[in-house]
Amino acid sequence: MKKIKIILLVIVLMACALGFAGLKIFNDKTTSEVETYLLEKKGYNHNDIYKIYTQIGKAPLVSTTVIFNDDRSSRYFYRNENGKIYQYSRAPVHGVDDGIKLYKHNEE
């Protein structure tokens, strides 16, 4: 009986580890796709990007956040939907959008 519990524990731990590894790979791939879009399609270079990372939220919403070096007070949100990457929103790094702030890298 003790062997079965140990085997089940090992299986559960391996499943969790594989799940986390898969999530990390997915996040890294999505981040890389958005970065490639910005570099190749939008003409930015690596020095223009201060920070870029992907998060999985509710619904499930996968969102990549980009902060540019020349506009560190703003976050730009990108999605990859059906193979098409687009900017779907933007917001200040701190606080909420007051509707007055101008965004340097706004895409229509």
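**A buried glutamate and the core around helix α1**

Glutamate 107 turns out to be buried, with a relative accessible area of 15%; buried here stands for under 20%, exposed for over 50% and partly exposed for anything in between, using a 1.4 Å probe and protein chains only. This is a predicted model, so local features need pLDDT of at least 70 and side-chain atom pairs count only at pLDDT 80 or more, while totals for chains, interfaces and linings use all residues. Residues are numbered from 1 along each chain as its sequence is written, and side-chain values use heavy atoms, with hydrogens and water left out.

Glutamate 107 sits in the segment after β4. Setting aside residues up to four places away in sequence, glutamate 107 touches Tyr37, Leu38, Lys42, Tyr78 and Gln87, where contact means heavy atoms within 4.5 Å.

Helices (H or I, at least four residues) and strands (E, at least two) are DSSP runs, numbered from the N terminus. Helix α1 covers residues 2-41, and its end C-alpha atoms lie 58 Å apart, in agreement with the 58 Å expected for 40 residues at 1.5 Å a residue (1.5 Å times one less than the number of residues). Buried in α1 are Asn27, Thr30, Thr31, Val34, Tyr37 and Leu38, and the buried residues of α1 pack against β1 (49-56), β2 (62-68), β3 (71-81) and β4 (84-92). Just past α1, glycine 43 adopts a positive phi of about 80°.

The largest nonpolar core (buried Ala, Val, Leu, Ile, Met, Phe, Trp, Tyr and Cys residues joined through side-chain atoms within 4.5 Å) has 12 residues, among them Val34, Tyr37, Leu38, Ile49 and Tyr103. At least two residues of this core come from each of α1, β1, β2 and β3.
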